[in-house]
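Trainee: I have a model open and some questions about its voids, its helix packing and its backbone. Can we go through them in turn?

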Amino acid sequence: MSAVQLRQLQREQRQFQRRSGQVVASDEAALCLLLRYRRHSDSDKQPATTDTTASTATTTAATVATATTTKRAGATSASVKLRRRGERQQRPQSTAFEMNNKNKELMNDIITNCKLKNGFGPGVQPAAATSPTKRPLSPDHPNPALPITESPSPAMNRMGWALRTLLVVDNSSCLKDRKVSGKLIRKCAPGTELVDWLVNLAPIVHTRAQAAGMWQALLEEGVLTHVNKEQPFKDKCFLYRFRLDEEGGAPAAGIPAAEDLSAANEHIREALSALFQRGPDATLRMILRKPSHERTPEELELVFEELVHIAALSHLSTSIKRELSSIIVFEAHAQAGTILFNQGDEGRSWYILLKGSVDVVIHGKGTVATLKTGDDFGKLALINDAPRAATIVLKENNCHLLRVDKEHFNRILRDVEANTLRLQEHGKDVLVLERVAKQRGQHSAFKYTVMSGTPNKMLEHLLETRLGQTVSGMDPFLDDFLLTHIVFMPVVQLVDELANYFHCDAHEEAQTPEDREYIINFKKRVIQFMQKWVMAVRHAAFEEPSVCDFIEDLAAEVEADPDLNEETSIIHNVLTQMARYQEDRNQNAGQKWKLPTNGQPICLFSGNATPSKTVIRPDDDIIFRVYCADHTYCTLRFPMHTTAELIKACAADKLQLNRGPDDLCLVEVKSNGERSVFKDNDVSIPTGLTLNGRLFVSVKDHLDALTPLPEQECPTEGVDIDLEILSTKELAYHITIFEWDLFWAVHEYELLYHTFGRHHFGKITANLDVFLRRFNEVQYWIVTELVSTPSLSKRVGLVRKFIKLAAYCKEYQNLNAFFAIVMGLSNMAVTRMHQTWEKIPSKFRKIFQEFEALIDPSRNHRAYRVFVGKLQPPLIPFMPLLLKDMTFAHEGNKTSLDGLVNFEKMHMMAQTMRTIRFCRSRSLGLEPPSPKSEGEVRSYISSFRVIDNQRVVTAMSQKVEPTRKLN
């Protein structure tokens, strides 16, 4: 049915509603009945159409059959014409009578269908009009229409009361008394109208899906229910009512008192955001309680995204997680002491704790362990097909679990094993491949993808299958390998293996033509690999001298071997890239940086502004101070890659600490007094310090004696300027330009170094450190400016300016600064200033609420991920979230499985690293605003005045705006 037809039928249906008691067709099935009714009506007006044609065809078939039997074609033709003429004369009356009967039957079907769908209709239906019997859910499958708690929590109960109060007072309210199944049901409303009302009520709610999620959060706690308790909350014409009306706890009639209305409005303003945040989780739980066959593709994708971030499932492959998304079930148990299963029972399910805790009890031993949120249990009995080894008893009320049943679990394992191909050498697995599952909208030119393998075998498989031919489709294996090989195959080892493949003919004297062709093809693949490597990681490929030597050898071989003439252009391109890298390195040789003593960010020692896109290199020198417990200090100068052990030894010697190296440690002391000890083999120490952090050398036994310097509690030095005179758009523009240069300098490898630890690679993360420090600097700049402003009117103006600044940063797609500004405005020291926020116009408060919804961390920052997924480069992403994804992939998955590299883990990490590449795939070309004070703005945004001690900024906030005393 086309959209135009559907709208026409809906209009006809609404006209019919006014004539037949407000019956609502709630689904397309009813509209299809209406379509049939319309077609019959058209037939009634034009009797010579569909039904006449069908009857004529039947008559013609019968006549032709008669003619065939009697062998008289001419006579039959005449008889057919006479018979058709007679039928056409007799048909209209009978057809009209039949059409009227059919129309009545179809309209009765429409009315009955709609009434039953919505809970309307008489208590006793005729046999012909009864609704089809629903297949009951199995005892093990939860009903998504029922609450997950025995009684609502006080907060949700209060929220339900407040919403109901406002609905009752609203003159245009959808909350009305209606007749359902022959009974008068007080105060019920269709889901669609409840959604409409909530969207109009709250500026924080932007979509109907968000509103539906909020109502579902109330329904899952029993505050709201479907009138027949058969449906979860849906944005459809199903009827719902509040628990108060169901239990008779609300007054039967009348408008709530003025004080109740005032209290309800006040509570909605304060607590609606909490309900908004609960909506997405409630929607997910509702999906997980639906039967597998009722889950839509969009819902399955949503569940899969959640499963990816559950630690208990992190060891499973992506294909298994996708299978689990269709069969995993949510379970809730209200009472502590409930026995989930007993020792000796048959193992039927595997459980994952989402909320709460359980005791593990063994006969004769009692409680032997307590499992908490994130833990899983019960899988061993499924795998071994053995009885339960212990009894599981719920330790808390309202425990939430995910459940995977045995039959589904075993089927998934069988399917995965059937799609797995294992290559062995000397009786041991060396490469594990998995058949590529076809996914909607994606196509792979390869039937199998790599799951795990030895480094050498994976390289060989890559050279044989991913190079030397033109392939299309989605297959990231080559790119994954190039981005992550440093984890499992260091550069030196990789170059050695490539050299062995390239010179595989060095010891062979006699070669057949087939052998020669194979060898030449493999050499071409090695050359293509080098080109792909340089394109993927850029200058990082040339930092190891052995790589440059190998490239020069390849160039010489290509020049000498006529069979490799086709690869000449490729090797020349690689040589050009290498020459540019070496030229750039020579130009910036001897680059010297300093870490200012006043808490300012790292800068070039020359004192001039840091040139755009300046990369900090491992052999660049940096000048910094190291303190001891009495706050005396020494100034040191070392290359960036210097280890903490060497810095510690040199500082101890200059400060005359007469202790051996094993008795000393290098420590960062933060402005709040926290201490962080560096490992001896750690590198890039000065750039890794936090805002207002200082570097100390101390005896290990005397760490408690280390205290912050007095100036660490004061703002860092910056340009003193009146923010009100600066153009907000110009400020956002220069912040974006400045941060783009910092972001451009970060290499994808630095994410790996940061995640696995710099000391494992001996590599610096200085550029990433500086970029992350900038995020914290902007965040606490917002807080510092507001708590340092005693004038209420000026604070109000600053809040408005910062909200506009966030809007401009979002417009410029500088999401890192956008997050920093909004998080600064959400800091406790700022949100507690109620007098300031009360003066903010409602327009700005609404915009800020939208920004808070975008940075909402629920469901793994889903709102942000959906938003950024629609953007095109260039953009500056929210870097802390990318690092969180890297850390989750690292900590949730082993790097090695049975002696093989877990390449699925490498794929997960490469996906995040590709995000960095995508964001920078186009150059930044913003149109500058009309300059008003360009020089001042550039100087100001390069170094903000910042206090990062939360205790200090909170105290300053209380000083400029004391807490109100309640009367």
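**Cavities, a pocket and helix pairs**

Mentor: Start with the enclosed spaces. Three cavities of 30 Å³ or more are counted here. Bear in mind that this is a predicted model.

Trainee: How much space lies in the largest cavity?

Mentor: Look first at what surrounds the largest cavity. Its lining has 20 residues, and L595, P596, P686, L689 and G693 lie nearest the centre. The space in the largest cavity is about 240 Å³.

Trainee: Which elements give two or more residues to that lining?

Mentor: The lining divides into nine nonpolar, seven polar and four charged residues. Strands and a helix both contribute. The elements that give two or more residues are β18 (621–627), β22 (694–699) and α24.

Trainee: Which helix supplies the largest share of the lining of the second largest cavity?

Mentor: The second largest cavity holds about 200 Å³ of space. Of its 16 lining residues, H539, E543, E750, Y753 and I764 lie nearest the centre. Two helices, α22 (748–756) and α24, each supply at least two lining residues. The largest share, three residues, comes from α22.

Trainee: How do the lining residues of the second largest cavity divide by class?

Mentor: E543 and E750 are among the residues nearest the centre, and Glu counts as charged. I764 is also among them, and Ile counts as nonpolar. The full division is nine nonpolar, three polar and four charged.

Trainee: Now the open spaces. Which helix gives the largest share of the lining of the second largest pocket?

Mentor: About 1400 Å³ of space lies in this pocket. Three helices each supply at least two lining residues: α9 (258–288), α28 (834–838) and α29 (842–854). The largest share is nine residues, and the helix that gives it is α9.

Trainee: What residue classes line the second largest pocket?

Mentor: There are 37 lining residues, with R269, E270, W837, R845 and Q849 nearest the centre. Those five already span the classes, since Arg and Glu count as charged, Trp as nonpolar and Gln as polar. The whole lining has 16 nonpolar, 10 polar and 11 charged residues.

Trainee: On to helix packing. How are α21 and α24 oriented to each other?

Mentor: Two packed helices are described by the angle and the distance between their axes. The axes of α21 (728–744) and α24 (766–787) come within 9 Å and cross at roughly 155°. Angles over 145 degrees count as roughly antiparallel. So α21 and α24 are roughly antiparallel.

Trainee: Which residues of α24 make the contact with α21?

Mentor: The crossing is left-handed. From α21 come L731, I735, F738, E739, L742 and F743. The contact has nine nonpolar, no polar and two charged residues. The α24 residues are V770, F771, R774, V778 and W781.

Trainee: Helix α21 also meets α25. What is the orientation of α21 and α25?

Mentor: The axes of α21 and α25 (792–811) come within 9 Å and cross at roughly 50°. That angle falls outside the ranges for roughly parallel, perpendicular and antiparallel. The crossing is right-handed. The two helices are therefore oblique.

Trainee: How do the residues of the contact of α21 with α25 divide by class?

Mentor: T728, K729, L731, A732 and I735 of α21 meet K801, K804, L805, Y808 and C809 of α25. Lys counts as charged, and Thr falls among the polar residues. The division is six nonpolar, one polar and three charged.

Trainee: And how does α15 lie relative to α17?

Mentor: The axes of α15 (477–488) and α17 (513–537) come within 10 Å and cross at roughly 65°. Angles of 65 to 115 degrees count as roughly perpendicular. That makes α15, relative to α17, roughly perpendicular.

Trainee: Last, the backbone. Where is P874, which a cis peptide bond joins to P873?

Mentor: Most peptide bonds are trans. The bond between P873 and P874 has omega of about 5° and is cis. P874 lies in the loop between α30 (858–868) and α31 (879–891).

Trainee: What is the phi of H631?

Mentor: H631 sits in the loop between β18 and β19 (633–639). Most residues other than glycine have a negative phi. H631 has a positive value, near 70°.

How values were computed:
Residues are numbered from 1 along each chain as its sequence is written. This is a predicted model: local features need pLDDT of at least 70, side-chain atom pairs count only at pLDDT 80 or more; totals for chains, interfaces and linings use all residues. Side-chain values use heavy atoms; hydrogens and water are left out. Axes are lines fitted to C-alpha atoms, for helices over the stretch in contact, and angles run from 0 to 180 degrees between N-to-C directions. Helices (H or I, at least four residues) and strands (E, at least two) are DSSP runs, numbered from the N terminus. Angles under 35 degrees count as roughly parallel, over 145 as roughly antiparallel, 65 to 115 as roughly perpendicular and the rest as oblique. A crossing is left-handed if the near helix is turned anticlockwise from the far one by less than a right angle, and right-handed if clockwise. Contact means heavy atoms within 4.5 Å. On a 1 Å grid over the protein atoms alone, a cavity is a set of points where a 1.4 Å probe fits but cannot get out, and a pocket is an open set with protein on both sides within 12 Å along at least five of seven lines; lining residues have an atom within 4 Å of a point. Grid points are joined across faces, edges and corners, and a volume is the space filled by probe spheres set on the points.
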